[in-house]
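Student: I have a model open and would like to go through its side-chain packing with you. Could you take me through it, starting from the aromatic residues?
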Amino acid sequence: MNNRALEEVEDLIQIKNRLLELCMYALIRDTKIYNHELDDVHKCKFMAAILTNLNDDTFTLRKKLLKTWENIKDE
């Protein structure tokens, strides 16, 4: 892969990650999670939950994020 193509792929990855992060914060906005400082591990787990469930509606995604939060707290 040439440098230009590699730069474009890296840009797309950054855009994807930013969009997932925005979706994550929008989905947890009115929850107890929103007021916590989220570390990178939590963010990655939440974004992975969104990414693997893109066909779900926002209500279901929100429930899955809340369940992920509970599972992380129990670890």
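Tutor: Bear in mind that this is a predicted model. A good place to begin is W69, which counts as buried because its relative accessibility is 7%, under the 20% limit.

Student: Which residue does W69 form an aromatic pair with, and what is the geometry?

Tutor: W69 pairs with F46, and the arrangement is tilted, with 6.4 Å from centre to centre and 35° between the planes. The two residues come from distant parts of the chain, since F46 belongs to helix α2 (residues 40-51) and W69 to helix α3 (residues 58-74), with their positions 23 residues apart.

Student: And is F46 buried or exposed?

Tutor: F46 is buried, because its relative accessibility comes to 0%.

Student: How many aromatic pairs are there in the structure?

Tutor: The structure holds 2 of them. In the pair formed by Y25 and Y34, the ring centres are 6.2 Å apart and the planes stand at 85°, so this one is classed as edge-to-face, for which the angle has to be over 60 degrees.

Student: What about the accessibility of Y25 and Y34?

Tutor: Y25 is classed as partly exposed because its relative accessibility is 27%, and Y34 is likewise partly exposed, with a value of 40%.

Student: Let's go to the core. Which residues have the most contacts inside the largest nonpolar core?

Tutor: That core has 14 residues, and the ones with the most contacts inside it are M24, I33, L38, F46, I50 and L65. The elements that supply two or more residues to this core are α1, α2 and α3.

Student: Where is M24, and what does M24 touch?

Tutor: M24 sits in helix α1, and it counts as buried because its relative accessibility is 0%. Leaving aside residues up to four places away in sequence, M24 touches L38, K43, F46, M47, I50 and L65.

Student: How far apart are M24 and L65, in sequence and in space?

Tutor: They are 41 residues apart in sequence, while their C-alpha atoms are 8.2 Å apart in space.

Student: L38 was on that contact list too, so what does L38 touch?

Tutor: With residues up to four places away in sequence left out again, the contacts of L38 are M24, Y25, I28, I33, K43, F46 and W69. That list includes both members of the tilted pair, F46 and W69, as well as Y25 from the edge-to-face pair.

Student: Can we look at the loop between α1 and α2? Is T31 buried or exposed there?

Tutor: T31, which is placed in that loop, counts as buried because its relative accessibility is 13%. On the same sequence-separation basis, T31 touches R62 and L66.

Student: Changing topic: how many salt bridges does the count come to?

Tutor: The count comes to 6 salt bridges. One of them joins the side chains of E8 and R4, with an N to O distance of 3.2 Å, and both residues lie in helix α1, 4 residues apart, which is about one turn of the helix.

Student: How accessible are E8 and R4?

Tutor: E8 is partly exposed because its relative accessible area is 39%, whereas R4 counts as exposed because its relative accessibility is 53%.

Student: Which residue does R18 meet in a salt bridge?

Tutor: The side chain of R18 meets that of E21, at 3.6 Å from N to O. Both are in helix α1, 3 residues apart, again about one turn, and R18 is partly exposed because its relative accessible area is 45%. R18 and E21 are also linked with K43 in a network of salt bridges, and K43 appears among the residues that M24 touches.

Student: What about R29 and D30?

Tutor: Their side chains meet in a salt bridge as well, at 3.4 Å from N to O. D30 is exposed because its relative accessible area is 55%, and R29 is exposed because its own value is 52%.

Student: Last one: which residues form the nonpolar patch on the surface?

Tutor: The patch is formed by L12, I15, L19 and L22, which together have about 390 Å² of accessible area. L22 lies in helix α1 (residues 3-27), and it counts as partly exposed because its relative accessibility is 43%.

Conventions. Residues numbered from 1 in each chain as written. Predicted model: local features only at pLDDT ≥ 70, side-chain atom pairs only at ≥ 80, totals over all residues. Heavy atoms only, no water. Phe/Tyr/Trp six-rings, centres within 6.5 Å; stacked < 30°, edge-to-face > 60°. Buried < 20%, exposed > 50% of the residue type's maximum accessible area, 1.4 Å probe, protein only. Patch = residues over 30% accessible without salt bridge, like charges linked within 9 Å, V, L, I, M, F, W, Y side chains within 5 Å. Areas by Shrake-Rupley, 256 points an atom, 1.4 Å probe, with all protein chains shown as cover. Salt bridge = Lys/Arg side-chain N within 4 Å of Asp/Glu carboxyl O. Core = buried A, V, L, I, M, F, W, Y, C linked by side-chain atoms within 4.5 Å. Contact = heavy atoms within 4.5 Å.
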